[in-house]
Amino acid sequence: DDGEARRAKGLLWLPLLGVALGTRAFGLPVPLADLALAAFCGLSLLLLGPRLRPGLPRWWPALVAFVACGLLSGLPPLFGGSHFSGEQFLRSAAKLLLYAAATLLVHAVARRAGSGATAARLRDAFALSGGIALVIYAALSLGLPLPSGLACGEHTDTCSALYYERRWFGDSSPTGLQQDVFVRAQGLASEPTRFGYLQAMALGLLVLGGAAPVGRGRVGLLLVAASALLSFALAPWALLLALALLALPHLREPRAARRAAGLAALLAALLLALPPVRAGFEHAVLARLQRLATGPQDSSAALRVVGSWRLATRLAAERPLTGVGLGNFDVAVAAWRDEFPERVFLEGEIQGWNALAHVLGTTGLLGAAAFLALLALALRGSPPRLALFALSLFADGAVLSAPFWVFLALYALPPPVDSSSQAR
């Protein structure tokens, strides 16, 4: 009924704003997005309760199978073996259980609210995130003082909102922090690649949703797209390029295609007219791509595309069926660091660098098979969404984080059928 639909629409703000604005912990024991998901689960069951049961999707058995494989990954090490942290496993297992429950509830509540209303709230949440990112980007470009905890993400020592071109390619001298430094948008996320990934995935849902935005819907799309571009991170840019190619078949009318192309060209021209944007594009994107093709090795790209598989297969070789255990990717890689050609890059936390590698290394062949089955079953209704989601696995390796599961629940929704629904 109308009352249930209104409650569902209101509840959706919790996971959407949590993912858009709360992927960092901001001094709390867990990220704000996790707290938002926990609150969302409790309130959804309280306010909608048994009426959500018919909303269970057909892919829920695959989700249960993956969770079971994740829990199973902690059993073999308990009976012998080294390089296993029981504490890390228990933390990760608790997170996986929360995310699995939240995935089913987000999907059910979003269906109750309607795909059009869900898209409108998604657009507004990530437009707000994009607007905040643009304000911080402008302040940093103008040299205005900002609290480091707000502007610099979780890496306040060097400020991840800045691209240090010399340090990126091996210059560890003090001048590397003073010369050839360019601003990047990262909003309230931990670093620009993470922020760009979030914005690009939200944009993918909106563009591939099948409903044409009107009115303030276009403004929201522009905020999301512009902020994603200003991250100047290659992984989000690859997602945006793939999205542009996947969206072409949705522009069935020549007029719509020309309008979309013109809007994209206008946005690019306006951004590049700004000197800080042009400098960031030339150095953080063009120069980096040129060096990737002809110059020094790029540690981020190398680990994300190639090195992550060496890490994952080495971990899976230890326990082929079950992996080294949830939460133990970092533990095992640190123990075998000297075996890898990439050892010079393996410092600090290592999250697998792509989601498939992380799943293979931590849950083994059983978990990887269940994971791929889950994605195929959940997203088979929309091949373009499946293609973009599959590519996103290489853009962000954090499977045990709220954004992955909220996006999975939303990408599995049927697209809106009403072209005006996103404007409401």
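Phe26, Leu28, Val30, Leu32 and Leu35 make a nonpolar surface patch of about 380 Å². Patches are built from residues with over 30% relative accessible area and no salt bridge, nonpolar side chains (Val, Leu, Ile, Met, Phe, Trp, Tyr) being joined within 5 Å and like charges within 9 Å. Accessible areas come from the Shrake-Rupley method with a 1.4 Å probe, and for residues only the protein chains shown count as cover. This is a predicted model, in which local features need pLDDT of at least 70 and side-chain atom pairs count only at pLDDT 80 or more, while totals for chains, interfaces and linings use all residues. Residues are numbered from 1 along each chain as its sequence is written, and side-chain values use heavy atoms, with hydrogens and water left out.

Within the patch, valine 30 sits in the loop between helix 2 (13-21) and helix 3 (32-47); helices (H or I, at least four residues) and strands (E, at least two) are DSSP runs numbered from the N terminus. Valine 30 is partly exposed, at 31% relative accessibility. Here buried means under 20% relative accessible area, exposed over 50%, and partly exposed in between (1.4 Å probe, protein chains only).

Turning to charged pairs, a search of the whole structure finds 6 salt bridges, each defined as a side-chain nitrogen of Lys or Arg within 4 Å of a carboxyl oxygen of Asp or Glu. One of them joins the side chains of glutamate 87 and arginine 91, with an N to O distance of 2.7 Å. Both residues belong to helix 6 (residues 86-113), where they are 4 residues apart, about one turn of the helix. Glutamate 87 has a relative accessible area of 48% and is partly exposed.

A similar account can be given for helix 15 (residues 299-318), in which glutamate 318 and arginine 314 are 4 residues apart and so separated by about one helical turn. The closest N and O atoms of this salt bridge are 3.7 Å apart. Glutamate 318 is partly exposed at 35%, and arginine 314 is partly exposed at 23%.

Arginine 166 also forms a salt bridge, with aspartate 180, the closest N and O atoms being 2.8 Å apart. Arginine 166 lies in helix 9 (residues 165-168) and aspartate 180 in the loop between helix 9 and strand 2 (181-183), so the pair ties together parts that are 14 residues apart in sequence. Both partners are partly exposed, arginine 166 at 31% and aspartate 180 at 30%.

Asparagine 354 offers a view of the interior: at 0% relative accessibility, this residue is buried. Asparagine 354 is placed in the loop between helix 16 (329-335) and helix 17 (355-379). Its side chain reaches the backbone nitrogen of leucine 356 at 3.2 Å and that of alanine 357 at 2.8 Å. Beyond neighbours within four places in sequence, asparagine 354 is in contact with Arg304, Ser308, Trp309, Leu393, Phe394 and Gly397, contact meaning heavy atoms within 4.5 Å.

Arg304 also appears around threonine 193, which touches Ala233, Ala235, Pro236, Arg304 and Ala395 when residues up to four places away in sequence are not counted. Threonine 193 is found in helix 10 (residues 192-207) and is buried, at 17% relative accessibility. Threonine 193 and leucine 234 are 41 residues apart in sequence, while their C-alpha atoms are 7.7 Å apart in space.

Terms used:
A polar contact is a pair of N or O atoms within 3.5 Å; within protein, one must be able to donate a hydrogen and the other to accept it, and residues adjacent in sequence count only if both atoms are side-chain atoms.
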